[in-house]
Amino acid sequence: MNRSQLLNKFAEDNELTRKQADEYVTSLVDIITGSVASGEDVAISGFAKFRRIDRPARLARNPATGETVKVKAKRVARITPLKNFKDSVLSGKAPKPAAKKAVAKKAPAKKAPAKKAPAKKKAVAKKTVKKAPARKPAKRR
């Protein structure tokens, strides 16, 4: 799924125009990118964790020649998928869509119904069951 398809799906699922969906997705990406760039971790529960990693300069070895090489310090982004996301991917099942929250209306308080005496049990007629005659053991020769 590319960005265009994502925007179409997002707009459809949330009853938005494509332009509004694009603004929301762009805003989310900008917030995550800005936060991680400033060194702050971002974790979206059930999805992924975004973090900036600063790697120091080090000496490494070229495996082809065995020569020692200096590697410069660098900054990388690490995105770690979280448990719910991994479980969904491994099982091949999409997560259940979140139910839309309706505005809760307060209902007037109701009085508890009066307690009733337990109902009497009706007598159940027993059926007579005939037992099959016991089988005789087979004779041994």
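Is Asp41 buried, partly exposed or exposed, and what is its relative accessible area? Asp41 is partly exposed, with a relative accessible area of 34%. The legends below describe close-up views of a predicted model.

**Figure 1. Overview of the predicted protein.** The model is predicted, and its secondary structure comes to 3 helices and 5 strands. Read along the sequence, these elements follow the pattern α-α-β-β-β-β-β-α. Of the 141 residues in the protein, 8% are buried. The protein exposes about 14,300 Å², and carbon and sulfur atoms supply 57% of that area. Among contacts between residues at least 6 apart in sequence, 28% join residues at least 24 apart. The structure holds 6 salt bridges, including those shown in Figures 2 to 4.

**Figure 2. The salt bridge between Asp41 and Arg51.** The closest N and O atoms of Asp41 and Arg51 are 2.8 Å apart, and the two residues form a salt bridge. Asp41 lies in the loop between helix H2 (18-37) and strand E1 (42-44), while Arg51 belongs to strand E2 (residues 48-55), so the pair ties together parts that are 10 residues apart in sequence. Arg51 is partly exposed, at 33% relative accessibility. Asp41 also counts as partly exposed, at 34%. Side chains of opposite charge can pair when their charged atoms come close.

**Figure 3. The salt bridge between Lys9 and Asp13 in helix H1.** The side chains of Lys9 and Asp13 meet in a salt bridge, with an N to O distance of 3.3 Å. Both residues belong to helix H1 (residues 3-13), and because they are 4 residues apart there, about one helical turn separates them. Lys9 is partly exposed, with a relative accessible area of 40%. Asp13 is partly exposed as well, at 37% relative accessibility.

**Figure 4. A network of salt bridges around Asp54.** Arg52, Asp54 and Arg75 are linked in a network of salt bridges. Within this network, Asp54 forms a salt bridge with Arg52, and their closest N and O atoms are 3.6 Å apart. Asp54 is partly exposed, with a relative accessible area of 46%. Arg52 is likewise partly exposed, at 25% relative accessibility.

**Figure 5. Surroundings of Phe50 in strand E2.** Phe50 lies in strand E2. With a relative accessible area of 14%, Phe50 is buried, because the limit for that class is under 20%. Leaving aside neighbours within four places in sequence, Phe50 is in contact with Ile32, Val36, Asp41, Val42, Ile44, Arg78 and Ile79. One of these contacts, Asp41, is the residue that forms the salt bridge with Arg51 in Figure 2. The C-alpha atoms of Phe50 and Pro81 are separated by 8.9 Å, and the two residues are 31 apart along the chain.

**Figure 6. A patch of positive charge on the surface.** Arg55, Arg58, Lys74 and Arg78 gather in this patch. Arg58 has its place in strand E3 (residues 58-61). Arg78, another member of the patch, is also among the contacts of Phe50 in Figure 5. The view includes Lys72, whose C-alpha atom is 6.8 Å from that of Arg58, although the two residues are 14 apart in sequence. Lys72 is found in the loop between strand E4 (68-71) and strand E5 (74-81). Lys72 is exposed, with a relative accessible area of 73%.

**Figure 7. A nonpolar patch on the surface.** Phe47, Phe85 and Val89 form this patch, and together they have about 270 Å² of accessible area. Val89 is found in helix H3 (residues 83-91). Val89 counts as exposed because its relative accessible area is 54%, and the class begins over 50%.

**Figure 8. Glu15 in the loop between H1 and H2.** Glu15 lies in the loop between H1 and H2. Glu15 is not a glycine, yet it has a positive phi of about 50°. At 66% relative accessibility, Glu15 counts as exposed.

Terms used:
Residues are numbered from 1 along each chain as its sequence is written. This is a predicted model: local features need pLDDT of at least 70, side-chain atom pairs count only at pLDDT 80 or more; totals for chains, interfaces and linings use all residues. Side-chain values use heavy atoms; hydrogens and water are left out. Patches are made of residues with over 30% relative accessible area and no salt bridge: like charges are joined within 9 Å, nonpolar side chains (Val, Leu, Ile, Met, Phe, Trp, Tyr) within 5 Å. Accessible areas come from the Shrake-Rupley method with a 1.4 Å probe; for residues, only the protein chains shown count as cover. Lys and Arg count as positive and Asp and Glu as negative; His and the chain ends are not counted. The place of a charge is taken as NZ of Lys, CZ of Arg, CG of Asp or CD of Glu. Helices (H or I, at least four residues) and strands (E, at least two) are DSSP runs, numbered from the N terminus. Buried means under 20% relative accessible area, exposed over 50%, partly exposed in between (1.4 Å probe, protein chains only). Contact means heavy atoms within 4.5 Å.
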